[in-house]
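Please look over the sequence and the model before reading on, and keep both in view while you go through the report below.

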Amino acid sequence: MYNLILTTVIILSVVMVISILMQPSKQNSAASAFTGGADKLFGKQKARGFEAVMQRATTVIGAVWMILLFVLTILSSK
């Protein structure tokens, strides 16, 4: 059981890195590097289409990854 969960965590780690790299860049200009994107923080821009799907997928993968890590920790302590 431990090896199965460990293999799943490793696979999810690679998938999470890929999903993060597939997300579109939010910086439009050099000025946004100085503002840190604060202008978009309080804006009414919502993610749509591919960007929304990638954000949700990354969130779900991250949550499953964290849960599996907690289970892995519990199994390794026994």
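## A nonpolar patch on the surface

In this predicted model, a nonpolar patch on the surface is formed by M1, Y2, L4, L6, I10, I67, V71 and L75, which together have about 760 Å² of accessible area. Helix 1 and helix 4 each supply at least two residues of this patch, and helix 1 gives the most to it, with 4 residues.

One member of the patch, L4, is found in helix 1. L4 counts as exposed because its relative accessible area is 56%, and exposed here stands for a value over 50%.

## The chain as a whole

The protein chain holds 4 helices and 0 strands, so that, read from the N terminus on, its elements follow the order α-α-α-α. Of the 78 residues in the protein chain, 17% are buried. The chain exposes about 6300 Å², and carbon and sulfur atoms supply 70% of that area.

When contacts between residues at least 6 apart in sequence are considered, 92% of them join residues that are at least 24 apart.

## Helix 4: its length and its buried residues

Helix 4 takes in residues 50-77, which makes 28 residues. At 1.5 Å a residue it should span 40 Å, and because its end C-alpha atoms are 40 Å apart, the expected span and the model agree.

Which residues of helix 4 are buried? They are A52, M54, T58, I61, G62, L68 and L72, and what covers them includes helix 1, residues 2-22. As background, an α-helix has 3.6 residues a turn, so residues three or four places apart point the same way.

## I74 and its distance from Y2

I74 also has its place in helix 4, but it is not on the list of buried residues there. With a relative accessibility of 48%, I74 counts as partly exposed, because that class lies between the limit of under 20% for buried and the limit of over 50% for exposed.

How far apart are I74 and Y2 in sequence and in space? The two residues are separated by 72 residues in sequence, while their C-alpha atoms lie 10.0 Å apart in space.

## A span annotated in UniProt

According to an unreviewed UniProt entry, residues 57-75 carry the annotation "transmembrane region". In the model, the span of residues 57-75 is 100% helix and 0% strand, and its end C-alpha atoms lie 27 Å apart.

How values were computed
Residues numbered from 1 in each chain as written. Predicted model: local features only at pLDDT ≥ 70, side-chain atom pairs only at ≥ 80, totals over all residues. Heavy atoms only, no water. Expected span 1.5 Å × (residues − 1). Buried < 20%, exposed > 50% of the residue type's maximum accessible area, 1.4 Å probe, protein only. Contact = heavy atoms within 4.5 Å. Areas by Shrake-Rupley, 256 points an atom, 1.4 Å probe, with all protein chains shown as cover. Patch = residues over 30% accessible without salt bridge, like charges linked within 9 Å, V, L, I, M, F, W, Y side chains within 5 Å. Salt bridge = Lys/Arg side-chain N within 4 Å of Asp/Glu carboxyl O. UniProt positions renumbered as here; feature names shortened; annotations may be inferred.
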